[in-house]
Amino acid sequence: MHDLIIRQTHMTVPVGTIYCLGKNYEKHIREMGGAGPTPPVIFIKPRTALVRPGGIVHRPAISSEMHHEVELVAVIGKKGKGIPEDEAMDHIQGFAIGVDLTLRDVQAVAKQRGEPWAVAKGFDGSAPVSEVLVRTEIPDPQDLTLRLSVNGKVRQEGSTRDMILTVPGVIAYLSTIFTLEPGDCVFTGTPEGVGPVEPGETIRAEIVGHIAAEWNVA
């Protein structure tokens, strides 16, 4: 099923385009070998990347190194193009916690060859997303703690206060390039601490104090 679940109503919303922002936390840039803030890096996942809470993530046979990247996800509720930053929140239906799964070995080869990351980032099941909280439950998306655990051990924990581009800034920037539509998901970048996850392990991602979800890896 490639639909998002709204937690309050249990209604489903068909997922649209999944937009992802890379290099939006300075410490993560550094752990990946970069130096300081850089212009936004944008990539897209297909709707078949979505995995609902409680689902199973399958590591493709082409890879032996799949990494987790926990992220705040903004779900678009109103169509927009060229959205001013001070109006961006009006276009958000709600928020979720998500995991940008990356085939790191496949990505490394693509980087060496100067090729796109479509396979490394966009494979089926590469975007686990929790149920969606309506926007009013998250009054300040820049004051949230994101956490990811594997088999109960915390691997990532960071604050959205450390984003280089804020949530409204991300929405405004994307809308200068793409028309955002209801059901689109915007992954807003990951804090430091990314690392491998293996078949047989369980991923738990959460917006601390708000929502959590788990997925098994096969």
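**Notebook: aromatic pairs and nonpolar cores**

I began with Tyr 19, which is buried, at a relative accessible area of 5%. I noted right away that this is a predicted model.

Next I looked for ring partners, and two aromatic pairs turned up. Tyr 19 pairs with Phe 178 in a tilted arrangement, with 4.8 Å from centre to centre and 45 degrees between the planes. Tyr 19 belongs to strand E3, while Phe 178 sits in the loop between H4 and strand E15, so I checked how far apart they are along the chain: 159 residues. Is Phe 178 buried or exposed? I found neither: Phe 178 is partly exposed, with a relative accessible area of 23%.

Then I turned to Phe 43 and Trp 117, a tilted pair with 5.9 Å between centres and 55 degrees between planes. Phe 43 lies in strand E4, and Trp 117 is in the loop between helix H2 and helix H3, 74 residues apart. Phe 43 has 10% relative accessibility, so I logged this residue as buried. Trp 117 is partly exposed, at 23%.

My last stop was the nonpolar interior. How many residues does the largest nonpolar core have? I read 42, and those with the most contacts inside this core include Met 66, Ile 171 and Trp 215. Among the elements supplying at least two residues each are strand E3, strand E8 and helix H4.

I picked Ile 171 for a closer look. Setting aside neighbours within four places in sequence, I listed its contacts, including Ala 74, Ile 83, Leu 180 and Val 186. Another core lies apart from the largest one; this core has 17 residues, among them Val 13, Val 73 and Phe 187.

Definitions and conventions:
Residues are numbered from 1 along each chain as its sequence is written. This is a predicted model: local features need pLDDT of at least 70, side-chain atom pairs count only at pLDDT 80 or more; totals for chains, interfaces and linings use all residues. Side-chain values use heavy atoms; hydrogens and water are left out. A nonpolar core is a set of buried Ala, Val, Leu, Ile, Met, Phe, Trp, Tyr and Cys residues joined through side-chain atoms within 4.5 Å. Buried means under 20% relative accessible area, exposed over 50%, partly exposed in between (1.4 Å probe, protein chains only). Helices (H or I, at least four residues) and strands (E, at least two) are DSSP runs, numbered from the N terminus. Contact means heavy atoms within 4.5 Å. Rings of Phe, Tyr and Trp (its six-membered ring) pair if their centres lie within 6.5 Å; planes under 30 degrees apart count as stacked, over 60 as edge-to-face and the rest as tilted.
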